[in-house]
Amino acid sequence: MRKNIVAGNWKMNCDLSETKVLLEGLTQSLPASLKADVIVSPPYTSLYYAFENLKDTPIMVASQNINENDKGAFTGEISAKMLKSVGVNYAIVGHSERREIYKETDALLKTKLDQALQNEICPIFCIGEKLEAREEGKHFEVVKHQLEKATFHLTAEDFKKLVIAYEPVWAIGTGKTASPEQAQEIHQYIRDLIANKYNQSVADEVSILYGGSVKPANAKEIFGQADVDGGLIGGASLKATDFLAIVDAF
Ligand code: PEP
């Protein structure tokens with residue numbers, strides 16, 4: 001059966017000394033038995049440090065992005081093979097900030113997912129609608145399109161390696177969260193899409209995380225929904241006590 005997962009997306013926060021403080025806060029207070037798989041996603045400059053300091057703990061390390069090419073003349077980019085070499089096992093792909101600010105398209109994200117999987121990195125693939133689409137009742141259509149265009153070329157075997165993060169753009173960093181009912185409704189829809197494309201057992205194996213202003217105060221109710229298997233956490237992942245409270249909220 002699928003895993004509960006809580007992943008922290010640090011975004012462009014934490015230099016090396018801040019990384020050290022945050023990781024110490026996490027490892028020193030980590031409970032002996034965890035209710036979820038825990039992943040942290042520091043910026044590139046802290047990935048190796050994070051891996052080295054977490055390798056004797058259950059916390060895993062993700063990158064926040066991945067390049068779609070093997071290697072070569074792509075100044076400023078980081079390949080999947082390089083990420084793998086510093087201990088990265090997960091990569092966030094298609095975060096709405098990358099879609100919006102860096103104009104990452106569904107077609108590009110498809111190649112990023114392929115690149116991650118070829119290098120044995122599990123993608124945390126983000127989908128979610130903007131406020132306008134939600135208000136027009138088009139949120140189902142949007143997530144269907146995002147999922148179909150970037151992931152439905154995968155074999156069932158590869159699809160099972162994905163983690164899906166449903167993140168309504170209007171809830172990211174805004175303090176507004178989807179209600180637990182809204183989250184459940186669309187998570188169930190996403191799982192049904194996967195079951196229709198592949199089969200029910202694939203759909204039942206894939207963890208679908210909710211992201212968008214999850215905090216210690218609302219995590220339990222959201223994670224309590226049948227098709228919500230944890231969260232992708234932005235702001236609240238930068239404070240060890242808050243992040244650990246969310247990890248414990250199942
Ligand atoms: C995110 O950026 O993935 C996110 C969910 O951010 P926040 O928790 O701050 O809304």
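User: By class, how many nonpolar, polar and charged residues does the shell around the ligand have?
Analyst: First, this is a predicted model: local features need pLDDT of at least 70 and side-chain atom pairs count only at pLDDT 80 or more, while totals for chains, interfaces and linings use all residues. Residues are numbered from 1 along each chain as its sequence is written. Ala, Val, Leu, Ile, Met, Phe, Trp, Tyr, Cys and Pro count as nonpolar, Asp, Glu, Lys and Arg as charged, and the others, Gly among them, as polar. On that scheme the shell comes out as five nonpolar, seven polar and one charged.

User: And which of the 13 residues around the ligand come nearest?
Analyst: To be near, a residue needs its C-beta atom, placed from the backbone, within 6 Å of the molecule. Of the 13 around the ligand, the nearest are Ile172, Gly211, Ser213, Gly234 and Gly235.

User: In what order do the eight strands close into a barrel?
Analyst: Strands here are DSSP runs of E, at least two residues, and helices are runs of H or I, at least four, numbered from the N terminus. Two strands pair if DSSP finds at least two bridges between them, and the pairing in this barrel is parallel. Direction ignored, neighbours in the sheet are turned by 25° against each other on average. The barrel order is S1-S2-S3-S4-S5-S6-S7-S8.

User: Which residue in S5 stands opposite Val93?
Analyst: S4 (residues 90-93) pairs with S5 (residues 122-127) in the parallel sense, over four bridges. The S5 residue opposite Val93 is Phe125.

User: What angle does helix H2 make with S3?
Analyst: H2 (residues 44-54) packs on the sheet and touches S2 (37-41) and S3 (60-63). Axes are lines fitted to C-alpha atoms, for helices over the stretch in contact, and angles run from 0 to 180 degrees between N-to-C directions. For H2 and S3 the angle is about 170°.

User: Moving along the barrel, what is the bridge partner of Tyr166 in S7?
Analyst: S5 and S6 pair over four bridges, with Cys126 partnered by Ala165 in S6. S6 then pairs with S7 over three bridges. There, Tyr166 is partnered by Tyr210.

User: How wide an arc do the buried residues of H2 cover?
Analyst: A residue is buried if 20 or more other C-beta atoms, placed from the backbone, lie within 10 Å of its own, exposed if 12 or fewer, and partly exposed in between. In H2 the buried ones are Ser46, Leu47 and Ala50. Taking directions from the helix axis to the C-beta atoms, they sit on the same side of H2 because their arc is only 125°.

User: Which residues of H11 are buried?
Analyst: The buried side of H11 (residues 216-223) packs against H9 (180-197), S7 (208-211), S8 (230-233) and H12 (240-247). The buried residues are Ala219, Ile222 and Phe223.

User: Which residues is Ile222 in contact with, leaving aside neighbours within four places in sequence?
Analyst: Ile222 counts as buried because it has 24 C-beta neighbours inside 10 Å. Contact means C-beta atoms within 7 Å, again placed from the backbone. The partners of Ile222 are Pro180, Ala183, Tyr210, Val214, Val228 and Gly231.

User: Is Val202 buried, exposed or partly exposed?
Analyst: Val202 lies in H10 (residues 200-205). Beyond four places in sequence, Val202 touches Ala156, Phe159, Lys160 and Ile194. With 16 other C-beta atoms within 10 Å, Val202 is partly exposed.

Definitions and conventions
Contact = placed C-beta atoms within 7 Å.
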